[in-house]
Amino acid sequence: MEIRKVGVVGAGTMGSGIAQAFAVAGYDVVMQDIKDEFVQRGLTTIRKSLERVASKGKMSADDVAAALGRIRPSVTLDPLADCDLVVEAALENVDLKTQLFRKLDGICKDGAILASNTSSISLTRIAAATTRPTHVVGMHFFNPVPLMKLVEVIRALQTDDEVIRAVEEVSRKIGKTPHVVKDSYGFVVNRVLIPMINEGINCLYEGLAQPEDIDDTMKLGANHPMGPLALADLIGLDIVLNVMETLYQGFEDPKYRPSPLLKQMVDAGYLGRKTGRGFFRYDQA
Ligand code: 3HC
């Protein structure tokens with residue numbers, strides 16, 4: 001199973017990061033989103049990220065231009081027809097994802113692998129929505145994609161071994177380290193990481209300390225590169241809540257109860273960096 005051309009559905013934070021990783025590694029990429037302004041914003045994010053790498057002397061201006069030139073923007077799914085691998089990074093909504101996978105299944109060529117970057121939705125369920133469940137797999141990337149080395153490769157109940165091997169290989173080719181994980185709520189990273197962040201939010205909710213102090217204690221006391229509240233702001237509070245709800249409903253275990261403060265923050269629209277305000281303030285949305 002050779003992968004040459006890659007499609008990415010969704011040009012947001014994760015989708016643009018994923019498109020960037022493939023384009024830099026020499027793959028032809030179609031980056032699709034539903035509106036031209038979303039695709040253009042994704043391209044701008046990629047250009048800025050590559051220019052940052054180039055400004056450190058880690059990439060030449062020619063290589064930046066070549067990587068950008070390998071990304072074909074699209075507002076329809078049709079150009080994904082001849083892709084060998086499609087990575088979906090759209091919104092975290094089960095109905096939307098199953099509908100999208102049904103569409104991709106109809107459009108993409110036989111043998112193409114359909115991957116989802118879902119942070120917690122059941123891959124087994126997504127796979128079951130298609131006529132090619134053996135070729136559906138999870139490729140879970142981490143934010144910020146250009147810097148984070150892991151790809152959690154999620155094996156749905158139906159996924160073929162050959163598909164797992166192909167996805168592990170392509171992950172290595174784009175400079176990432178794959179780890180294969182069975183399909184389960186939150187997989188491994190989010191099952192461990194997001195409840196920890198939720199507890200950080202509960203510490204704030206219960207008035208144990210100020211946000212800066214909570215984050216500093218975890219940086220200094222546990223050697224984390226950033227504190228749980230700053231990390232929640234980076235991930236997006238809506239995503240954090242989404243993962244907590246998936247764990248809570250999936251395992252039916254009260255230990256995964258989302259923090260009331262997390263729910264309030266999401267209700268208020270304080271979603272973190274992307275809205276300019278979360279537990280901390282940011283200059284721009
Ligand atoms: N593109 C390219 N290069 C970038 C970049 C980008 N977007 N952002 C930063 N860089 C470069 C910088 O220029 C810098 O280069 P240099 O070393 O040559 O100077 C280097 O990367 C480090 O940048 P910073 O100094 O800004 O970054 P830090 O050293 O402070 O690290 C961090 C930033 C990697 C974000 C670190 O704080 C970290 O690891 N935080 C935790 C992130 C994490 O846990 N992510 C997982 C979230 S969970 C998830 O995504 C799953 C989802 O399903 C919820």
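A residue counts as buried when its relative accessible area is under 20%, and Lys-97, with a relative accessible area of 1%, is therefore buried. Keep that cut-off in mind as you look around this predicted model. The briefing below walks through the ligand and its shell, then the aromatic rings, and ends with a few residues worth finding in the viewer.

**The ligand and its shell**

- The ligand is surrounded by 19 residues, and the closest are Ser-49, Lys-56, Lys-58, His-140 and Asn-143.
- Lys-58 places a polar side-chain atom 2.7 Å from an oxygen atom of the ligand.
- Arg-52 also has a polar side-chain atom by a ligand oxygen, in this case at 3.2 Å.
- With Asn-143 the backbone takes part: one of its N or O atoms lies 2.8 Å from a nitrogen atom of the ligand.
- On its own the ligand would expose 1,100 Å², and the protein buries 67% of that area.
- Two or more shell residues come from each of helix H2 (36–55), helix H7 (189–205) and helix H9 (228–235).
- H2 gives the largest share of the shell, with 3 residues.
- By residue class, the shell is made up of 11 nonpolar, 5 polar and 3 charged residues.

**Asn-143, from the shell outwards**

- You will find Asn-143 in the loop that runs between strand S6 (136–140) and strand S7 (150–155).
- Asn-143 has a relative accessibility of 18%, so this residue counts as buried.
- Gly-227 is 84 residues away from Asn-143 along the chain, while their C-alpha atoms are separated by 15 Å.

**Aromatic rings**

- There are 3 aromatic pairs in the structure.
- In one of them, Phe-22 and Tyr-27, the ring centres are 5.6 Å apart and the planes meet at 85°, so the pair is edge-to-face.
- Phe-22 and Tyr-27 are both buried.
- Phe-251 and Tyr-256 have ring centres 5.5 Å apart, and because their planes are at 35°, this pair is tilted.
- The two partners differ in their cover: Phe-251 is partly exposed at 27% relative accessibility, whereas Tyr-256 is buried at 6%.
- Phe-251 and Tyr-256 join Tyr-185 in one aromatic cluster.
- Elsewhere, Arg-277 sits over the face of Tyr-270, at 3.9 Å from the ring centre.

**Lys-97 and its partner**

- Lys-97, the buried residue from the opening, belongs to helix H4 (residues 94–107).
- Its side chain and that of Glu-92 are joined by a polar contact of 3.0 Å.

**Asp-161 and its surroundings**

- Asp-161 is part of helix H6 (residues 161–173).
- At 44% relative accessibility, Asp-161 counts as partly exposed, because that class covers values between the 20% limit for buried and the 50% limit for exposed.
- The side chains of Asp-161 and Arg-155 make a polar contact of 2.9 Å.
- Measuring C-alpha to C-alpha in the model, Asp-161 and Glu-199 are 37 Å apart in space, with their positions 38 residues apart in sequence terms.

Technical notes:
Residues numbered from 1 in each chain as written. Predicted model: local features only at pLDDT ≥ 70, side-chain atom pairs only at ≥ 80, totals over all residues. Heavy atoms only, no water. Near = heavy atom within 4 Å. Polar contact = N/O pair within 3.5 Å; in protein donor to acceptor, adjacent residues only side chain to side chain. Areas by Shrake-Rupley, 256 points an atom, 1.4 Å probe, with all protein chains shown as cover. Helix = DSSP H or I, 4+ residues; strand = E, 2+ residues; numbered from the N terminus. Nonpolar A, V, L, I, M, F, W, Y, C, P; charged D, E, K, R; others polar. Phe/Tyr/Trp six-rings, centres within 6.5 Å; stacked < 30°, edge-to-face > 60°. Buried < 20%, exposed > 50% of the residue type's maximum accessible area, 1.4 Å probe, protein only. Lys NZ or Arg CZ within 6 Å of the ring centre and 35° of its normal.
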